[in-house]
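This briefing walks through a modelled complex of protein and DNA, topic by topic. Please keep the sequence and the coordinates at hand while reading.

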Number of protein chains: 2
Amino acid sequence: MYSKNIPKIIIARLPIYLETLEMMHKEGIRKTSSKELGNRLGITAAQIRKDLSQFGEFGKQGTGYPIDTLICELKGILNLNHVWDVAVIGAGRLGLAIAQYPEFIHRGFHITLIFDNDPELINTRVGDLTIQDSTHLVEIIKKSNIKIAMLTVPASSAQKVAEELVKAGVQAILSYAPVTLNLPTDSVQVLHIDPVKQLQQMTFFLD
Amino acid sequence: MYSKNIPKIIIARLPIYLETLEMMHKEGIRKTSSKELGNRLGITAAQIRKDLSQFGEFGKQGTGYPIDTLICELKGILNLNHVWDVAVIGAGRLGLAIAQYPEFIHRGFHITLIFDNDPELINTRVGDLTIQDSTHLVEIIKKSNIKIAMLTVPASSAQKVAEELVKAGVQAILSYAPVTLNLPTDSVQVLHIDPVKQLQQMTFFLD
DNA sequence: TTGTGTGAATTCCTTCACAGCG
DNA sequence: CGCTGTGAAGGAATTCACACAA
């Protein structure tokens, strides 16, 4: 819908705007301004206006932005008007915590599949899911038409599993494994979460 | 030690370099070049050289970088030459998964305290930790002289707990709560992990 | 040769500042 | 007025391209 060559750095801010707007909405606030939103977020008003202007004109001069319609617009832009199915690969402690983390479903992501390769875990239940054998990952994911996966396997098997996900047609991977995945950029997006690396950034400023 | 007004974005790449170098080290590789490292990471060679040149001259022309000394240098730059003690606030599923995640200790972070406010959980054990009552968070953390905390409490209490952490002298917070924390920039660094927001970025490019 | 370190050039991102609308 | 949307300006980050050292 929107030209997809909008800078990634702008896209990355939209979910932040969305979250704050939804919080304001819950507080009963009806409209806001780039200045007020900026204050909440520690971002300049100009940046918020510039970012939003990439997608349309959502505000009124002198008045600001109506919160409910802006929320709607952002959801539209981010393709959040329907629930996305997600697969979790790896049913260790982290995978299990993720599978049961309520924020995913609250904010539009339904975890519908979870895999592991440990025979002790396969066929056991997690919430209303049954842990699947990752041997059959490709066929099962292909059949389910899932486009998004979260990777919580050990670093040593992450690359191999990620390649299988691509083979299965997955187009977005959020990886918790502390390794850089080498995948064809044209067929899949990859983001990483590595808390240790984030701590290691902060220690630079400590002593 | 190093001038702390080096761009954050450069600091954020150092842990990535470090991880890849350690992996190469494990593979038995002795030296590398900015080009080879760049290939592994999907980053240009020039960027790696520029980044490293902020901190010294670690390479030899024609030869490249000796991996072991570069690892040492990076650890020195990032203050990773000693183990850092860390407190985890919130002993829900996520907090427990974190407390038992082996990567922290493997990579220099020792989780020494875990807190919760649920009477059912207080005084129960997690690995070799005992869950502490978060009522006494400020005094306990102050006494322990911990500088780093990870926050895994619900969004609704994150701001309040974060303020207590600052009061207790914590200087770096890694928050898993999906809210923007409003804290004095001069006394504490904050980074956020919100997997839902990361998924929401990627859905922009899906349909 | 090979590959670093680095000024210069370029590209990208943010902020400024203001016309114009409600 | 107050606040948006946006060209223009300014600042940052990345990439280029080359002198030079091993």
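In which sense do S7(A) and S8(A) pair, and over how many bridges? S7(A) and S8(A) pair in the parallel sense, over four bridges. The model is a predicted one, and the points below follow the sheet of chain A, the contact between the chains and the surroundings of the two DNA strands.

**The sheet of chain A**

- Seven strands of chain A make up an open sheet with mixed pairing, and their order across the sheet is S5-S6-S4-S3-S7-S8-S9.
- At the edges stand strand S5 (125-126) and strand S9 (189-192) of chain A, each of which has a single partner strand, so one side of each is left without a neighbour in the sheet.
- Helix H7 (residues 137-144) of chain A packs on this sheet, where it touches strand S3 (84-89), strand S4 (109-116) and strand S6 (129-133) of chain A, and the direction of the helix makes about 160 degrees with that of S4(A).
- Strand S8 (residues 172-175) of chain A runs parallel to S9(A), the two being joined by four bridges, and in this pairing A:Ala172 stands opposite A:Gln189.

**Strand S7 of chain A and its partners**

- Strand S7 (residues 148-151) of chain A is covered on both faces, with A:Ile148 and A:Met150 buried on one side and A:Ala149 and A:Leu151 buried on the other.
- S3(A) pairs with S7(A) in the parallel sense over four bridges, and A:Val86 stands opposite A:Ile148 there.
- On the S8(A) side, A:Ser175 is the bridge partner of A:Leu151.
- Together with helix H8 (residues 155-167) of chain A, the strands S7(A) and S8(A) make a right-handed β-α-β unit.

**Helix H9 and the contact between the chains**

- Seven of the nine residues of helix H9 (residues 195-203) of chain A are buried, so this helix is largely enclosed by the rest of the structure; among them are A:Pro195, A:Lys197, A:Leu199 and A:Met202.
- The cover over the buried residues of H9(A) includes parts of chain B, namely helix H1 (8-26), strand S3 (84-89), strand S4 (109-116), strand S7 (148-151), strand S8 (172-175) and strand S9 (189-192).
- Between the two chains, 46 residues of chain B are in contact with 46 residues of chain A.
- On the side of chain B that touches chain A, H9(B) gives the most, with nine residues, and by class that side has 27 nonpolar, 10 polar and nine charged residues.

**Around the two DNA strands**

- Of the 27 residues around DNA strand C, those that come nearest are A:Gln61, A:Gly62, B:Gly59, B:Gln61 and B:Gly62.
- Helix H3 (45-53) of chain A, together with helix H2 (34-41) and helix H3 (45-53) of chain B, are the elements that give two or more residues to the surface near DNA strand C, and H3(B) supplies the largest share, six residues.
- By class, the surface near DNA strand C has eight nonpolar, 13 polar and six charged residues.
- DNA strand D is surrounded by 28 residues, of which A:Ser33, A:Gly59, A:Gly62, B:Gln61 and B:Gly62 are the closest.
- H3(A) gives the most to the surface near DNA strand D, with six residues, and that surface has eight nonpolar, 13 polar and seven charged residues.

Technical notes:
Residues are numbered from 1 along each chain as its sequence is written. Chains are lettered from A and ligands numbered from 1 in the order in which they are written. This is a predicted model: local features need pLDDT of at least 70, side-chain atom pairs count only at pLDDT 80 or more; totals for chains, interfaces and linings use all residues. A residue is near a molecule or strand if its C-beta atom, placed from the backbone, lies within 6 Å of it. Ala, Val, Leu, Ile, Met, Phe, Trp, Tyr, Cys and Pro count as nonpolar, Asp, Glu, Lys and Arg as charged, and the others, Gly among them, as polar. Two strands pair if DSSP finds at least two bridges between them. Two residues are in contact if their C-beta atoms, placed from the backbone, lie within 7 Å. Axes are lines fitted to C-alpha atoms, for helices over the stretch in contact, and angles run from 0 to 180 degrees between N-to-C directions. A residue is buried if 20 or more other C-beta atoms lie within 10 Å of its own, exposed if 12 or fewer, and partly exposed in between; C-beta atoms are placed from the backbone. A crossover is right-handed if, with the strands pointing away from the viewer, the path from the first strand over the helix to the second runs clockwise.
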